[in-house]
Amino acid sequence: QRDVIAAGRRAFPAYPESVLRQPPQSPLIFDDCRIWNVPVAPTAFRTPVASRVPTLIVAGTFDGVTSLSWAQAVAKRLPNARFVAIPGVGHFALPESRCAQAIMSSFLAHPGAPDTGCAAALKPSVFKRQ
């Protein structure tokens, strides 16, 4: 774990220690699946979706579960997708960001042209060492 924290400190020198010490959570789900006897998903489950349905993809820039690059890769396969990055929030961008909520409402009203302008004005919080 020391190596991971050291790498995090090099990549994000301004992040507080409490943030850097948060372990990645995704590997833990494999133990959960084993305990619950969850069968392996069919191969088709891993086939990338391709659709022309209007789709809104909202991603937090601090998302440690689903990276921005993954969200952007999904958007590339969906020709009618709107991708929006919400600066400074994690995996739960919609409940944590009024801007993300406004974008979702706009998308539901106008799937082909949602108003995403509020995202450009957002700035992530600045972490300072105490």
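This note goes through the predicted model point by point, from confidence to the disulfide, the cores and some single residues.

1. Basis of the note. The model is predicted: local features need pLDDT of at least 70, side-chain atom pairs count only at pLDDT 80 or more, and totals for chains, interfaces and linings use all residues. Residues are numbered from 1 along each chain as its sequence is written, and side-chain values use heavy atoms, with hydrogens and water left out.

2. Confidence. The predictor's confidence in each residue is given as pLDDT, from 0 to 100. The protein chain averages a pLDDT of 84, and 87% of the residues score at least 70. Among the elements of the chain, helix α2 (residues 17-20) has the lowest mean pLDDT, 67, while α6 has the highest, 96. Helices (H or I, at least four residues) and strands (E, at least two) are DSSP runs, numbered from the N terminus. Where pLDDT is low, the predicted coordinates should not be read in detail.

3. The disulfide. How many disulfides does a search of the whole structure find? The search finds 1, a disulfide being a pair of cysteine sulfur atoms within 2.5 Å. C99 is joined to C118, with an S to S distance of 2.0 Å. The link of C99 and C118 is right-handed, with 90 degrees about the S-S bond. Distant parts of the chain are linked by this pair: C99 sits in helix α6 (residues 98-109) and C118 in the segment after α6, 19 residues apart. A disulfide is a covalent bond between the sulfur atoms of two cysteines.

4. Exposure of the cysteines. The classes used here are buried (under 20% relative accessible area), exposed (over 50%) and partly exposed (in between), with a 1.4 Å probe and protein chains only. C99 is buried, at 8% relative accessible area, whereas C118 is partly exposed, at 30%. C33 also counts as partly exposed, with 33% relative accessibility.

5. Surroundings of C118. Contact means heavy atoms within 4.5 Å. Apart from its neighbours within four places in sequence, C118 is in contact with C99 and I103. The C-alpha atoms of C118 and A102 are separated by 8.3 Å, and the two residues are 16 apart along the chain.

6. S97, just before α6. Is S97 buried or exposed? S97 counts as buried, at 6% relative accessibility, and its place is in the loop between α5 (93-96) and α6. A polar atom of the S97 side chain lies 3.3 Å from the backbone nitrogen of C99. Leaving aside neighbours within four places in sequence, S97 is in contact with I86, V89 and L122.

7. The largest nonpolar core. A nonpolar core is a set of buried Ala, Val, Leu, Ile, Met, Phe, Trp, Tyr and Cys residues joined through side-chain atoms within 4.5 Å. The largest one has 10 residues: L56, V84, I86, V89, A93, C99, A100, I103, F107 and A119. Two or more residues come from each of β2 (81-86) and α6. Helix α6 gives the most to this core, with 4 residues. The disulfide cysteine C99 is therefore one of the members of this buried set.

8. A93 and the second core. Not counting neighbours within four places in sequence, A93 is in contact with V58, G60, I86 and A100. A second, separate core has 6 residues, including A59, A75, L78 and A81.

9. L68 in helix α4. The place of L68 is in helix α4 (residues 68-77), where L68 is partly exposed, with a relative accessible area of 25%. Which residues does L68 touch, not counting those up to four places away in sequence? L68 touches A59, G60, T61, F83 and A85. From L68 to I86 the C-alpha distance is 10.0 Å, at 18 residues apart in sequence.

10. N37. In the loop between α3 (28-35) and β1 (55-60) lies N37. Phi of N37 is near 55 degrees, a positive value in a residue other than glycine. N37 is exposed, with a relative accessible area of 67%.

11. V126. Like C118, which lies in the segment after α6, V126 has its place in that segment. At 66% relative accessibility, V126 counts as exposed. The C-alpha atoms of V126 and G88 are 9.2 Å apart, with their positions 38 residues apart along the chain counted as separation.

Terms used:
A polar contact is a pair of N or O atoms within 3.5 Å; within protein, one must be able to donate a hydrogen and the other to accept it, and residues adjacent in sequence count only if both atoms are side-chain atoms.
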